[in-house]
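Student: Could we go through this structure together? I would like to learn how its descriptions are justified.

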Amino acid sequence: MTPRRAPGRRPLVLKFGGSAFADLDGYHRVARYAVRRSAEEERPLVVVVSAMSGTTGRLQQTLDALAADPPASAAAMLLTTGETVSVALLTAALDARGVAAHPIPAAGTGLLAEGPPDRATVTSADATALSRALADGRIAVVPGGQAVDARGRTVMLGRNSSDLSAVATAAMLGADTCELFSDVPGVCTADPYLVPEARTLSRISYEGVRRMSRHGAKVVHEGAVRWAERAGVRVWCRPFPWGEGEGADIGVGERLRTEPEGRTEPGEGGVAGDRAVEGERAEGGEPRAVGTVVGAGPEAAAVVVHQGSDVWSFRSGRERRAVAGRLRAEGLPVTEFDTAGEICLTVPTGARGAARHLNGGRRLDDLCLVTALRADGRADHLAVPRSEAAAEARRRHAALYPSVGGATAQPAAPPVKARSPHSDVLVGSGPASASAPDDKRVD
Ligand SMILES: Nc1ncnc2c1ncn2[C@@H]1O[C@H](COP(=O)(O)OP(=O)(O)O)[C@@H](O)[C@H]1O
Ligand SMILES: N[C@@H](CC(=O)OP(=O)(O)O)C(=O)O
């Protein structure tokens, strides 16, 4: 899977996750930002986009309400539509600013994949089509999570795979950095939506962030980290929006960024106070949040809450190992752990393809796994009632970072995650299924 690289100036690859499109204005904000970066940097610009927040989950629920085990090809066709919508809307928003862009279809991404069409694996990347599109100086707007198979059909690279598309595109085009914009200040020592005291890491190794995503932190797609490491692409996780002019939302990233700097533990390399994170300044004195650079850097202690996963219990370690192996073969992230005499594993809630492997297991309703990842590589797991997961995460975070504290402090009102009211645009606003899981947290 060595990417065939494009000659010429190194392009800039920016990826905007669903959180950037929590409202329609998000497309205008991203367009404004993309135009500014394009003018500043004078190099080819690729913008990789995700579906509006909530969209892919709604589509999945709709499919689940319709059929118990729909064909993977139908799932791929449906679940990739959210990104196609985003490509069209961002192209329109750019056009409204007088900037012509190329809306790129799956076949134009240059990513070739094989395997089940709803969670295909990228096997090669050919820059020819995208380089041709970029040659006229226009911005290319690329759908995240999409590729084509050997027969030219659009396939999906699995859930949350826009990061993977962005990094694979950067590798293919010879870019040395890929910028991933999200609604958090960067990679933090815990999900800042749950642990307000979490600090932003200025740097972390590929293995450090991969360990976090392998344990269920949704912060960067594990496959994206693998691609980045192999191709030597630095991944820069950055907050968006932050100070994008009038009308910009103040997201959790902005709120955390302005909190006083916290002291950090000696020996917990790579942890930056928020002041350090915003240290870089663009010309004209505008503060530029630097977020987290994933590449060369230390591993870091962190707390992971497996919010989007179910806990299953098995009769023996052998049975669990066999099930875990089959789930991993489906490309699903699984954590095996023992708690209160139970032999358990976690599996993403509502994951396509999981149900058929879980026979013999028993779902422990309402349990949520909290994992403390130590800097030395050890992981401590504890399953707690869902309602106590955030408090447990704060306690564990305080144990890892005693000087940051916070476990006993009254929690600030948790920031509310944005979900686009337009995420129903494709499927209507009625409940798709009373019991279907959402792709986001249950707050
Ligand atoms: N350690 C962590 N640091 C930062 N964010 C985290 C962490 N763990 C989990 N997250 C979650 O990851 C989310 C960002 O990933 P994602 O939902 O894919 O964003 P986007 O929609 O912008 O792509 C954050 O909103 C946050 O809730
Ligand atoms: N369609 C993807 C989109 C994605 O990767 O979203 P985000 O970049 O917001 O995590 C999903 O599974 O939800």
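Student: How many nonpolar, polar and charged residues make up the shell around ligand 2?

Tutor: Keep in mind that this is a predicted model. In the shell around ligand 2 there are no nonpolar residues, 7 polar and 4 charged.

Student: Which residues are these, and what makes Gly17 count as polar?

Tutor: The shell of ligand 2 includes Lys15, Gly17, Gly18, Glu83, Arg159 and Lys218. Gly counts among the polar residues here, so Gly17 goes into that group, while Lys, Arg and Glu count as charged.

Student: What makes the pair between Lys15 and ligand 2 a polar contact?

Tutor: An N or O atom in the side chain of Lys15 is 2.7 Å from an oxygen atom of ligand 2. The cut-off for a pair of N or O atoms is 3.5 Å, so this pair qualifies. Try the test on two other residues: a nitrogen atom of ligand 2 is 2.8 Å from an N or O atom in the Thr56 side chain, and a nitrogen atom of ligand 2 is 2.7 Å from an N or O atom in the Glu83 side chain. The protein covers 88% of the 350 Å² of accessible area that ligand 2 has on its own.

Student: And ligand 1: which residues are closest to it?

Tutor: Ligand 1 is surrounded by 22 residues, and the closest are Ser19, Ser182, Asp183, Lys218 and Lys417. The shell divides into 10 nonpolar, 5 polar and 7 charged residues.

Student: What polar atom of Lys218 lies 2.6 Å from an oxygen atom of ligand 1?

Tutor: That one is a side-chain atom. Backbone atoms take part as well: a polar one of Gly18 is 3.2 Å from an oxygen atom of ligand 1, and a polar one of Cys188 is 2.9 Å from a nitrogen atom of ligand 1. Of the 560 Å² of accessible area that ligand 1 has on its own, the protein covers 93%.

Student: Now a single residue. Why is Leu94 called buried?

Tutor: Leu94 has a relative accessible area of 0%. Buried means under 20%, so Leu94 earns the word.

Student: Where does Leu94 sit, and which residues does it touch?

Tutor: Leu94 belongs to helix H4, residues 81-96. Leaving aside residues up to four places away in sequence, Leu94 touches Ala31, Val35, Val99, Ala101, Ile139 and Val141.

Student: How far is Leu94 from His215 in space?

Tutor: From C-alpha to C-alpha they are 38 Å apart, and 121 residues separate them in sequence.

Terms used:
Residues numbered from 1 in each chain as written. Chains lettered and ligands numbered in written order. Predicted model: local features only at pLDDT ≥ 70, side-chain atom pairs only at ≥ 80, totals over all residues. Heavy atoms only, no water. Near = heavy atom within 4 Å. Polar contact = N/O pair within 3.5 Å; in protein donor to acceptor, adjacent residues only side chain to side chain. Areas by Shrake-Rupley, 256 points an atom, 1.4 Å probe, with all protein chains shown as cover. Helix = DSSP H or I, 4+ residues; strand = E, 2+ residues; numbered from the N terminus. Buried < 20%, exposed > 50% of the residue type's maximum accessible area, 1.4 Å probe, protein only. Contact = heavy atoms within 4.5 Å.
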